[in-house]
Amino acid sequence: MTVGREIHLASRPVGMPTPDNFRLVEVDVPEPAEGQVKVRNLVMSVDPYMRGRMNDVKSYVPPFAVDAVLDGGAVGEVVESRSPDLKPGDLVLHGYGWREWAVDDARRFRRLDPVAPPSAFLGVLGMPGLTAYVGLLDIAAMKPGDTVFVSGAAGAVGSLVGQLARLKGAARVIGSAGSAAKVAHLTGDLGFDAAFNYRDGDVSRLLKQAAPDGIDVYFDNVGGDHLTAAIARAKLFARFALCGAISAYNEPVPGPDNMALLIGKRITMRGFIVSDHNDRMADLIREVGAWYAAGEIKAEETVVEGLENAPEAFAGLLRGANTGKMVVKL
C-alpha cells in the first residue's frame with residue numbers, strides 16, 4: 001500500500017496561524033475502488049478564504065475539522081484509474097489539496113487540457129481568475145472609461161483584476177499593495193496607472209492622491225481602512241465588488257464610519273462568492289486564456305517547495321509575503 005503525507009489541523013488558530021496549529025501526518029493511501037481514481041498531487045493552492053474555515057463558525061463553507069486533513073484546490077496526475085472517464089497520465093483539477101495523494105470518485109476530478117502549466121489552473125485559469133473576472137465584469141459591472149481601484153492588488157486576484165480592467169478599457173487603474181517593490185511591480189510590469197504602499201500613511205490620503213477625480217469601481221480584497229477610503233473617493237453611482245476582507249481575518253479591525261455616504265452617492269455594494277458563478281468558467285478560459293497565451297496577461301507566482309512547508313506558505317500569504325498566486329509544489 002502507498003504511504004503518503006498530509007497536513008491536519010491540529011488546533012484552531014487564535015490570530016495569525018502558527019506551526020503549532022498544523023500537523024504533518026503519514027497515512028496509508030487506499031487503492032481506488034470501482035469508478036474511482038488515484039491521483040498524485042503536483043501542486044496545491046493556499047488561499048485567504050481558508051483562514052475563515054479554521055474557525056468553528058457557520059459560514060458559506062463548512063469549517064475544517066480539528067485532527068483531520070485540510071482541503072483546497074490542487075492539480076495532480078492520475079496514476080491509477082478504475083473509471084472510463086479518466087486514464088493514467090491525465091492532468092486533473094480537484095479539491096483535495098494539503099496532501100500528496102487523493103483517491104475518490106472520478107466525477108470529483110476535472111480533466112485539464114494541458115495548455116498551461118499545472119499551477120495556472122490554480123491561479124489565472126482557476127478560482128482566482130474566475131473571482132477577478134466575475135467580480136469586475138458581473139458584480140461591479142465595469143464599463144470602458146471607468147476609474148477602477150483594487151486593494152490587495154499584488155495578490156492572485158487583485159493583480160488579475162487590474163490587468164482585466166486595463167484590457168477592458170478602464171480610463172485609470174489604481175492598486176494598493178504592501179511594499180515599494182510590489183507597487184513598482186504593479187505600475188512597471190502589470191500596467192496599473194498608479195499604485196501606493198498602504199504602509200506609507202493614511203489610506204484615504206493616499207487614494208485621494210492616486211484618484212483625484214474619484215473612482216467608479218472598487219474591487220475590495222482588504223476591507224477596513226481601504227473600504228472606508230473607497231467610499232470617501234467614490235463618484236456618484238459607483239459600484240463596489242466585495243470579495244474579501246483580509247485585514248480582518250486574524251483580528252478585528254474598525255469598519256467604515258462613513259456608510260451614510262452610500263446614500264447620497266447612490267453607491268452599489270455587493271458581496272459575492274465565486275462558486276455561485278461557475279457557469280462563467282468557460283468564458284474565463286476562452287477570453288482570459290487567450291490573453292494569457294498571448295502574453296497580454298501576466299500571472300506571477302510565489303512558489304514554496306514541499307508539502308511540509310504548506311503551513312508556512314499559508315501564513316506567508318496572510319502576511320502578504322506573496323506576489324501573485326501562492327502555490328506549494330509537491
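Modeller: A polar contact is a pair of N or O atoms within 3.5 Å; within protein, one must be able to donate a hydrogen and the other to accept it, and residues adjacent in sequence count only if both atoms are side-chain atoms. This is a predicted model, in which local features need pLDDT of at least 70 and side-chain atom pairs pLDDT 80 or more, while totals for chains, interfaces and linings use all residues. Residues are numbered from 1 along each chain as its sequence is written, and side-chain values use heavy atoms, without hydrogens and water.

Biologist: Which domains does the protein chain contain?

Modeller: Domain 1 covers 2–122 + 300–329 and domain 2 covers 127–275, with bounds from an automatic or database domain assignment. Their C-alpha centres lie 29 Å apart.

Biologist: How many residues of domain 1 and domain 2 are in contact?

Modeller: In domain 1, 19 residues are in contact (heavy atoms within 4.5 Å) with twelve residues of domain 2. The buried area (accessible area, 1.4 Å probe, lost by two parts on being put together, summed over both) is about 1100 Å² between domain 1 and domain 2, with 59% from carbon and sulfur atoms.

Biologist: How many residue pairs are in polar contact between domain 1 and domain 2?

Modeller: There are five such pairs between domain 1 and domain 2, both residues at pLDDT 80 or more. On the side of domain 1 that touches domain 2, helix H1 (49–53) and helix H9 (310–319) each supply at least two residues; H9 gives the largest share, three residues. Helices (H or I, at least four residues) and strands (E, at least two) are DSSP runs, numbered from the N terminus.

Biologist: How is a pair of aromatic rings described?

Modeller: It is described by the distance of the centres and the angle of the planes. The structure holds seven aromatic pairs (Phe, Tyr or six-membered Trp rings with centres within 6.5 Å; planes under 30 degrees apart are stacked, over 60 edge-to-face, the rest tilted). Trp-98 and Phe-314 have ring centres 6.3 Å apart and planes at 75°, so this pair is edge-to-face. Trp-98 lies in the loop between strand E5 (91–94) and strand E6 (101–105), and Phe-314 in helix H9, 216 residues apart.
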